[in-house]
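Visitor: Could you take me closely through the enclosed spaces of this model, dwelling on the largest cavity and on what lines it?

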Amino acid sequence: MATAERIALVTGANKGIGFEVARQLTSKGFRVFIGARDEKAGRAAAKKIGAAATFLKIDVSHQRSIQEAAKKLARVVDHLDVLVNNAGIIVDGDDAILKATPGQFEETMRTNALGPLMMAEAFQPLLAKASAPRIVNVSSSGGQLHDGADGWSPIYCISKTALNGVTSQLAAALPKFAVNSVCPGWVRTDMGGSGAPRSVAQGAEGIVWLAADAPQNLTGKFLQDRKIIPW
Ligand SMILES: NC(=O)c1ccc[n+]([C@@H]2O[C@H](COP(=O)([O-])OP(=O)(O)OC[C@H]3O[C@@H](n4cnc5c(N)ncnc54)[C@H](OP(=O)(O)O)[C@@H]3O)[C@@H](O)[C@H]2O)c1
(Lines give C-alpha, C1' and ligand atoms only; values in the text may rest on other atoms or scores of the structure.)
Protein backbone atom coordinates (compact mmCIF):
# COMPACT_ATOMS: atom_id res chain seq x y z
CA MET A 1 0.00 0.00 0.00
CA ALA A 2 0.97 3.63 -0.31
CA THR A 3 3.45 4.91 2.23
CA ALA A 4 3.99 8.47 3.44
CA GLU A 5 7.04 8.95 1.23
CA ARG A 6 6.12 10.73 -2.00
CA ILE A 7 8.01 9.38 -4.99
CA ALA A 8 8.33 10.90 -8.46
CA LEU A 9 9.94 9.87 -11.71
CA VAL A 10 10.91 12.58 -14.21
CA THR A 11 12.07 11.67 -17.71
CA GLY A 12 14.74 13.75 -19.43
CA ALA A 13 15.78 15.00 -15.98
CA ASN A 14 19.50 15.28 -16.66
CA LYS A 15 19.14 18.88 -17.85
CA GLY A 16 16.80 21.72 -18.71
CA ILE A 17 13.25 21.83 -17.40
CA GLY A 18 13.29 18.17 -16.29
CA PHE A 19 16.31 18.73 -14.05
CA GLU A 20 14.68 21.76 -12.46
CA VAL A 21 11.37 19.89 -11.94
CA ALA A 22 13.31 17.10 -10.22
CA ARG A 23 15.20 19.60 -8.07
CA GLN A 24 12.03 21.44 -7.03
CA LEU A 25 10.24 18.18 -6.21
CA THR A 26 13.07 17.09 -3.91
CA SER A 27 12.86 20.44 -2.14
CA LYS A 28 9.17 19.64 -1.54
CA GLY A 29 10.17 16.39 0.15
CA PHE A 30 9.82 13.99 -2.77
CA ARG A 31 12.20 11.17 -3.45
CA VAL A 32 12.90 11.64 -7.17
CA PHE A 33 14.14 9.27 -9.84
CA ILE A 34 16.14 11.04 -12.54
CA GLY A 35 15.13 9.36 -15.79
CA ALA A 36 17.87 9.86 -18.37
CA ARG A 37 19.12 7.98 -21.41
CA ASP A 38 22.74 9.03 -20.85
CA GLU A 39 24.09 7.31 -17.77
CA LYS A 40 26.90 9.76 -17.11
CA ALA A 41 24.64 12.82 -17.43
CA GLY A 42 21.88 11.16 -15.38
CA ARG A 43 24.22 10.22 -12.54
CA ALA A 44 25.80 13.68 -12.54
CA ALA A 45 22.34 15.31 -12.33
CA ALA A 46 21.29 13.07 -9.44
CA LYS A 47 24.53 13.84 -7.62
CA LYS A 48 24.02 17.57 -8.12
CA ILE A 49 20.52 17.41 -6.62
CA GLY A 50 21.58 15.29 -3.64
CA ALA A 51 20.59 12.24 -1.64
CA ALA A 52 16.87 12.43 -2.50
CA ALA A 53 17.63 11.93 -6.21
CA THR A 54 18.50 8.61 -7.86
CA PHE A 55 19.43 7.97 -11.48
CA LEU A 56 17.22 5.57 -13.47
CA LYS A 57 18.28 4.78 -17.01
CA ILE A 58 15.42 5.35 -19.47
CA ASP A 59 15.39 6.00 -23.18
CA VAL A 60 11.75 6.91 -23.81
CA SER A 61 12.06 6.12 -27.50
CA HIS A 62 12.68 2.42 -26.76
CA GLN A 63 9.96 0.30 -25.22
CA ARG A 64 12.45 -2.24 -23.89
CA SER A 65 14.38 0.48 -22.07
CA ILE A 66 11.11 1.72 -20.55
CA GLN A 67 10.08 -1.78 -19.48
CA GLU A 68 13.48 -2.50 -17.94
CA ALA A 69 13.30 0.78 -16.00
CA ALA A 70 9.80 -0.09 -14.74
CA LYS A 71 11.00 -3.50 -13.53
CA LYS A 72 14.00 -1.93 -11.85
CA LEU A 73 11.94 0.72 -10.09
CA ALA A 74 9.42 -1.87 -8.88
CA ARG A 75 12.29 -3.66 -7.14
CA VAL A 76 13.26 -0.59 -5.10
CA VAL A 77 9.97 1.20 -4.32
CA ASP A 78 6.48 -0.06 -3.43
CA HIS A 79 4.61 2.73 -5.22
CA LEU A 80 5.08 5.74 -7.49
CA ASP A 81 3.08 8.92 -6.85
CA VAL A 82 4.03 10.95 -9.91
CA LEU A 83 5.29 10.34 -13.42
CA VAL A 84 6.46 13.47 -15.23
CA ASN A 85 6.82 12.73 -18.94
CA ASN A 86 9.21 15.60 -19.67
CA ALA A 87 11.69 14.18 -22.21
CA GLY A 88 11.20 15.70 -25.63
CA ILE A 89 12.98 16.59 -28.86
CA ILE A 90 12.86 18.84 -31.88
CA VAL A 91 14.72 17.15 -34.72
CA ASP A 92 17.14 19.00 -36.99
CA GLY A 93 15.46 20.51 -40.04
CA ASP A 94 11.95 20.54 -38.56
CA ASP A 95 11.08 23.82 -40.18
CA ALA A 96 8.71 23.15 -43.09
CA ILE A 97 5.73 20.81 -43.04
CA LEU A 98 5.97 20.08 -46.78
CA LYS A 99 9.59 18.98 -46.39
CA ALA A 100 9.03 16.67 -43.42
CA THR A 101 10.60 13.26 -43.92
CA PRO A 102 9.27 9.94 -42.56
CA GLY A 103 12.43 9.64 -40.46
CA GLN A 104 11.99 13.06 -38.86
CA PHE A 105 8.31 12.42 -38.25
CA GLU A 106 8.76 8.96 -36.79
CA GLU A 107 11.62 9.96 -34.49
CA THR A 108 9.71 12.95 -33.13
CA MET A 109 6.44 11.08 -32.62
CA ARG A 110 8.27 8.13 -31.07
CA THR A 111 9.96 10.31 -28.46
CA ASN A 112 7.34 12.97 -27.78
CA ALA A 113 4.04 11.08 -28.05
CA LEU A 114 4.60 7.30 -28.12
CA GLY A 115 7.24 7.52 -25.37
CA PRO A 116 4.88 9.08 -22.80
CA LEU A 117 2.20 6.52 -23.69
CA MET A 118 4.63 3.61 -23.29
CA MET A 119 5.82 5.18 -20.01
CA ALA A 120 2.25 5.35 -18.72
CA GLU A 121 1.61 1.73 -19.68
CA ALA A 122 4.77 0.46 -18.05
CA PHE A 123 4.57 2.48 -14.83
CA GLN A 124 0.79 2.35 -14.36
CA PRO A 125 0.90 -0.69 -12.01
CA LEU A 126 3.33 1.09 -9.67
CA LEU A 127 1.40 4.37 -9.92
CA ALA A 128 -1.84 2.53 -9.09
CA LYS A 129 -0.32 1.63 -5.71
CA ALA A 130 -0.15 5.33 -4.75
CA SER A 131 -3.10 6.96 -2.97
CA ALA A 132 -3.33 9.86 -5.46
CA PRO A 133 -1.39 8.97 -8.62
CA ARG A 134 -0.51 11.63 -11.16
CA ILE A 135 0.85 11.74 -14.68
CA VAL A 136 2.09 15.10 -15.96
CA ASN A 137 2.79 15.26 -19.68
CA VAL A 138 5.03 18.18 -20.60
CA SER A 139 3.49 19.47 -23.80
CA SER A 140 3.66 22.76 -25.66
CA SER A 141 1.27 25.50 -26.70
CA GLY A 142 2.73 24.76 -30.15
CA GLY A 143 0.46 21.69 -30.13
CA GLN A 144 -2.73 23.69 -29.65
CA LEU A 145 -5.22 23.40 -32.52
CA HIS A 146 -7.78 26.00 -31.46
CA ASP A 147 -6.05 29.02 -33.00
CA GLY A 148 -4.39 27.49 -36.07
CA ALA A 149 -0.71 26.79 -36.77
CA ASP A 150 1.98 29.36 -37.48
CA GLY A 151 4.47 27.09 -39.26
CA TRP A 152 7.07 26.89 -36.46
CA SER A 153 8.61 23.40 -35.95
CA PRO A 154 5.60 21.64 -37.48
CA ILE A 155 6.54 18.04 -36.69
CA TYR A 156 7.26 18.92 -33.07
CA CYS A 157 3.92 20.74 -32.84
CA ILE A 158 2.06 17.74 -34.30
CA SER A 159 3.79 15.48 -31.76
CA LYS A 160 2.57 17.71 -28.92
CA THR A 161 -0.97 17.66 -30.35
CA ALA A 162 -0.69 13.86 -30.31
CA LEU A 163 0.67 13.97 -26.76
CA ASN A 164 -2.38 15.98 -25.73
CA GLY A 165 -4.53 13.23 -27.24
CA VAL A 166 -2.59 10.70 -25.15
CA THR A 167 -3.32 12.80 -22.05
CA SER A 168 -7.05 12.93 -22.77
CA GLN A 169 -7.25 9.18 -23.42
CA LEU A 170 -5.23 8.28 -20.33
CA ALA A 171 -7.39 10.54 -18.15
CA ALA A 172 -10.47 8.66 -19.37
CA ALA A 173 -8.85 5.26 -18.87
CA LEU A 174 -7.44 6.04 -15.41
CA PRO A 175 -10.23 7.69 -13.38
CA LYS A 176 -8.33 7.36 -10.09
CA PHE A 177 -5.37 9.23 -11.57
CA ALA A 178 -4.86 12.91 -12.35
CA VAL A 179 -3.49 13.03 -15.89
CA ASN A 180 -2.77 16.43 -17.45
CA SER A 181 -0.79 18.15 -20.18
CA VAL A 182 1.12 21.29 -19.32
CA CYS A 183 2.99 23.92 -21.30
CA PRO A 184 5.98 25.42 -19.45
CA GLY A 185 6.04 28.53 -21.63
CA TRP A 186 9.09 29.50 -23.67
CA VAL A 187 12.04 28.61 -21.47
CA ARG A 188 15.83 29.19 -21.66
CA THR A 189 17.14 25.64 -22.22
CA ASP A 190 19.06 23.88 -24.98
CA MET A 191 15.69 23.47 -26.71
CA GLY A 192 14.26 26.91 -25.97
CA GLY A 193 17.49 28.83 -26.63
CA SER A 194 19.09 31.69 -24.74
CA GLY A 195 16.59 34.29 -26.00
CA ALA A 196 13.58 32.72 -24.27
CA PRO A 197 11.86 34.91 -21.68
CA ARG A 198 11.44 32.31 -18.93
CA SER A 199 13.99 30.79 -16.57
CA VAL A 200 13.93 27.03 -15.94
CA ALA A 201 12.54 27.78 -12.48
CA GLN A 202 9.60 29.65 -14.04
CA GLY A 203 9.10 26.89 -16.62
CA ALA A 204 9.15 24.17 -13.98
CA GLU A 205 6.71 25.87 -11.62
CA GLY A 206 3.44 24.84 -13.32
CA ILE A 207 4.71 21.30 -13.84
CA VAL A 208 5.70 20.95 -10.18
CA TRP A 209 2.32 22.33 -9.10
CA LEU A 210 0.50 19.67 -11.14
CA ALA A 211 2.87 17.00 -9.84
CA ALA A 212 2.64 17.91 -6.18
CA ASP A 213 -0.11 20.33 -5.23
CA ALA A 214 -2.96 20.60 -7.77
CA PRO A 215 -6.34 19.15 -6.80
CA GLN A 216 -6.52 15.43 -7.58
CA ASN A 217 -9.85 15.93 -9.40
CA LEU A 218 -8.15 18.23 -11.92
CA THR A 219 -7.62 15.75 -14.76
CA GLY A 220 -7.83 15.45 -18.53
CA LYS A 221 -6.86 19.10 -19.04
CA PHE A 222 -4.19 21.21 -20.74
CA LEU A 223 -2.69 23.89 -18.50
CA GLN A 224 -0.17 26.69 -18.41
CA ASP A 225 0.67 28.68 -15.27
CA ARG A 226 -1.92 26.69 -13.26
CA LYS A 227 -4.72 27.72 -15.65
CA ILE A 228 -6.63 25.55 -18.11
CA ILE A 229 -5.88 26.50 -21.73
CA PRO A 230 -7.62 25.32 -24.93
CA TRP A 231 -6.46 22.14 -26.69
N1 LIG B 1 12.19 25.04 -23.60
C2 LIG B 1 10.99 25.46 -24.00
O3 LIG B 1 10.80 26.65 -24.33
C4 LIG B 1 9.81 24.51 -24.05
C5 LIG B 1 8.55 25.02 -24.41
C6 LIG B 1 7.46 24.18 -24.44
C7 LIG B 1 7.62 22.84 -24.11
N8 LIG B 1 8.85 22.35 -23.77
C9 LIG B 1 8.96 20.94 -23.44
O10 LIG B 1 9.60 20.79 -22.19
C11 LIG B 1 10.28 19.53 -22.14
C12 LIG B 1 11.71 19.75 -21.70
O13 LIG B 1 12.34 20.59 -22.65
P14 LIG B 1 13.70 21.40 -22.37
O15 LIG B 1 13.47 22.76 -22.89
O16 LIG B 1 14.15 21.17 -20.99
O17 LIG B 1 14.65 20.66 -23.42
P18 LIG B 1 16.17 20.17 -23.34
O19 LIG B 1 16.97 21.08 -22.48
O20 LIG B 1 16.56 19.92 -24.74
O21 LIG B 1 16.05 18.79 -22.55
C22 LIG B 1 15.35 17.70 -23.12
C23 LIG B 1 15.55 16.50 -22.24
O24 LIG B 1 14.88 15.39 -22.85
C25 LIG B 1 15.79 14.31 -22.92
N26 LIG B 1 15.48 13.36 -23.97
C27 LIG B 1 15.32 13.58 -25.30
N28 LIG B 1 15.08 12.41 -25.93
C29 LIG B 1 15.08 11.44 -24.98
C30 LIG B 1 14.88 10.05 -24.99
N31 LIG B 1 14.65 9.37 -26.13
N32 LIG B 1 14.94 9.38 -23.83
C33 LIG B 1 15.17 10.03 -22.66
N34 LIG B 1 15.40 11.35 -22.58
C35 LIG B 1 15.33 12.04 -23.74
C36 LIG B 1 17.14 14.97 -23.12
O37 LIG B 1 18.18 14.05 -22.85
P38 LIG B 1 19.65 14.19 -23.54
O39 LIG B 1 20.40 15.19 -22.72
O40 LIG B 1 20.20 12.79 -23.44
O41 LIG B 1 19.43 14.64 -24.96
C42 LIG B 1 17.03 16.09 -22.10
O43 LIG B 1 17.24 15.59 -20.80
C44 LIG B 1 10.16 18.93 -23.55
O45 LIG B 1 9.12 18.00 -23.59
C46 LIG B 1 9.81 20.14 -24.40
O47 LIG B 1 9.10 19.78 -25.57
C48 LIG B 1 9.94 23.16 -23.74
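Guide: For the count that follows, Ala, Val, Leu, Ile, Met, Phe, Trp, Tyr, Cys and Pro are taken as nonpolar, Asp, Glu, Lys and Arg as charged, and the others, Gly among them, as polar. The model is a predicted one, and it holds two cavities of 30 Å³ or more. The largest cavity has a volume of about 50 Å³, and its lining is made up of R134, I135, V136, A178, N180, L210, A214, P215 and L218. By the classes just set out, the residues of this lining divide into seven nonpolar, one polar and one charged; the charged residue is therefore R134 and the polar one N180. Two strands, β5 (134-138) and β6 (178-182), each supply at least two residues of the lining, and β5 gives the most, with three residues. Among the other lining residues of the largest cavity are L210, A214, P215 and L218.

The second largest cavity, with about 30 Å³ of space, has a lining composed of T11, V60, N85, N86, A87, T111, G115, P116 and M119. Here the largest share comes from a helix, α4 (residues 102-127), which contributes four residues. The lining of this second cavity divides into four nonpolar, five polar and no charged residues, whereas that of the largest cavity, as noted, has seven nonpolar, one polar and one charged.

Terms used:
Residues numbered from 1 in each chain as written. Predicted model: local features only at pLDDT ≥ 70, side-chain atom pairs only at ≥ 80, totals over all residues. Heavy atoms only, no water. 1 Å grid on protein atoms, 1.4 Å probe; cavity = no way out; pocket = protein on both sides within 12 Å on 5 of 7 lines; lining within 4 Å. Points joined across faces, edges and corners; volume = space filled by probe spheres on them.
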